[in-house]
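Colleague: I'm new to this one, could you walk me through it?
Modeller: Gladly, ask away once it is on the screen.

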Amino acid sequence: MNILLFGPPGVGKGTQGVRLAKTYGLRHLAMGDVLRSAVRDGTPIGKKAKTFMDAGELVPDEVVVGLIEECIAGDRGKDFLLDGFPRNVAQAESLDSMLDRLQLKLDRIVFMDAPEEELLKRLTGRLICRACGFGFHRHYSPPQKSGICDHCGGELYQREDDREEVIADRLRVYQQQTRPLLAYYARQPGFAEIDASGAMDEVFERLKQVVSG
Ligand code: AP5
């Protein structure tokens, strides 16, 4: 089963994507993570992407479409969960043609939504481990020791684009470019919409219901 999760920044795509991928044995293909890893490695793509990411803008389509095709085609035997791609209608159209070429399809397309006030709280409190990438939240899932990862002892940091002024730009870009995907996908087979507000476990239960349904 191939799954697509989409929704606004901070709605919980990454958090729930990890859980779903583990439960259903999927490859978790998170475009934000792929790009951040390219930035960390200082690759030419990473250098190009960084400016856009730091400003809360979308990285150009030609860069991300090529990257996602490599990821999807990389291990065709295993089903996948897409998180963070596509992010505009042009990317969705590219994904459709790519999947046709690879003789693959999306079985579940899930739109996750939550009030903007909740998204802001989630994003401004997010902390990530520099060493293992595990995500925490200052209030909702704090580490046992402040600033230290429970799993590997690594240092926790705040993402550059999780500063309030950048979040405002990301939410604007979401409304203008990504939200129109709702109309694009709403009539496709396998589409479902869930309320992603509330506790992480509650959201996960809602997701499992629509994924298994
Ligand atoms: P990306 O990393 O994909 O960022 P995003 O879509 O803005 O999503 P986030 O990672 O911020 O949020 P999320 O929904 O995954 O929430 P999470 O689970 O982490 O992209 C970053 C940038 O890369 C983009 O701005 C763009 O520049 C570029 N990019 C990426 N894809 C691209 C594309 N296709 N095209 C062009 N450019 C692209 O949760 C957030 C926090 O909330 C965490 O701390 C978590 O612990 C907490 N939390 C989650 N769920 C709950 C809950 N139920 N209750 C309480 N806390 C919760």
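Colleague: Let's start with Cys 129: is that residue buried or exposed?
Modeller: Cys 129 is buried, since its relative accessible area is 2%, and a residue counts as buried under 20%. Please keep in mind throughout that this is a predicted model.

Colleague: How many disulfides does the structure hold?
Modeller: The structure holds 0 disulfides. Cys 129 is in none, and the nearest cysteine sulfur to it, which belongs to Cys 152, is 3.5 Å away.

Colleague: And what about Cys 132, why is there no bond to Cys 149?
Modeller: The closest cysteine sulfur to that of Cys 132 is in Cys 149, but at 3.8 Å it is too far for a bond, because a disulfide needs the two sulfur atoms within 2.5 Å. Cys 132 is partly exposed, with a relative accessible area of 41%.

Colleague: Switching to the ligand, which residues come nearest?
Modeller: There are 35 residues around the ligand, and of these Thr 15, Glu 57, Arg 87, Arg 126 and Arg 170 come nearest.

Colleague: Which polar atoms lie by a nitrogen atom of the ligand?
Modeller: One of them is a backbone N or O atom of Gly 84, which lies 2.8 Å from a ligand nitrogen atom. On the side-chain side, a polar atom of Gln 91 lies 3.0 Å from a nitrogen atom of the ligand, and a polar atom of Arg 122 lies 3.3 Å from a nitrogen atom of the ligand.

Colleague: How much of the ligand does the protein bury?
Modeller: Taken alone, the ligand exposes 1000 Å², and the protein buries 95% of that.

Colleague: Which element gives the most to the shell around the ligand?
Modeller: That is helix H2, with 4 residues. The elements that each supply at least two residues of the shell are helix H1 (13-24), helix H2 (31-41), helix H6 (116-124), strand S6 (135-137) and helix H9 (200-212).

Colleague: Back to Gln 91 for a moment, where is that residue found?
Modeller: Gln 91 is found in helix H5, which covers residues 89-101, and it is buried, with a relative accessible area of 3%. Besides the ligand nitrogen at 3.0 Å, the side chain of Gln 91 has a polar contact of 3.0 Å with the side chain of Asp 61.

Colleague: Anything odd in the backbone around there?
Modeller: Phe 85 and Pro 86 are joined by a cis peptide bond, with omega about 0 degrees, and Pro 86 is found in the loop between strand S3 (80-83) and H5. In the loop between H5 and S4, Gln 103 has a positive phi of about 55 degrees although it is not a glycine.

Colleague: Is Gln 103 buried or exposed?
Modeller: Gln 103 is exposed, with a relative accessible area of 74%.

Colleague: New topic, then: how many aromatic pairs are there?
Modeller: The count comes to 4 aromatic pairs. In one of them, the rings of Phe 6 and Phe 111 have their centres 5.1 Å apart and their planes at 40 degrees, so this pair is tilted. The pair links distant parts of the chain, with Phe 6 in strand S1 (residues 3-6) and Phe 111 in strand S4 (residues 108-113), 105 residues apart.

Colleague: Are those two rings' residues buried or exposed?
Modeller: Phe 6 counts as buried at 3% relative accessibility, and Phe 111 is buried as well, with a relative accessible area of 1%. Together with Tyr 184 and Tyr 185, Phe 6 and Phe 111 form one aromatic cluster.

Colleague: Which arginine lies over the face of an aromatic ring?
Modeller: Arg 19 lies over the face of Phe 204, at 5.5 Å from the ring centre, and Arg 130 lies over the face of Tyr 157, at 4.5 Å from the ring centre.

Colleague: One last arginine, where is the place of Arg 27?
Modeller: Arg 27 sits in strand S2, residues 27-30, and counts as buried at 13% relative accessibility. The side chain of Arg 27 reaches the backbone oxygen of Ile 72 at 3.2 Å.

Technical notes: Residues are numbered from 1 along each chain as its sequence is written. This is a predicted model: local features need pLDDT of at least 70, side-chain atom pairs count only at pLDDT 80 or more; totals for chains, interfaces and linings use all residues. Side-chain values use heavy atoms; hydrogens and water are left out. Rings of Phe, Tyr and Trp (its six-membered ring) pair if their centres lie within 6.5 Å; planes under 30 degrees apart count as stacked, over 60 as edge-to-face and the rest as tilted. Buried means under 20% relative accessible area, exposed over 50%, partly exposed in between (1.4 Å probe, protein chains only). A charge sits over a ring if NZ of Lys or CZ of Arg is within 6 Å of the ring centre and within 35 degrees of the ring normal. A residue is near a molecule or strand if one of its heavy atoms lies within 4 Å of it. A polar contact is a pair of N or O atoms within 3.5 Å; within protein, one must be able to donate a hydrogen and the other to accept it, and residues adjacent in sequence count only if both atoms are side-chain atoms. Accessible areas come from the Shrake-Rupley method with a 1.4 Å probe; for residues, only the protein chains shown count as cover.
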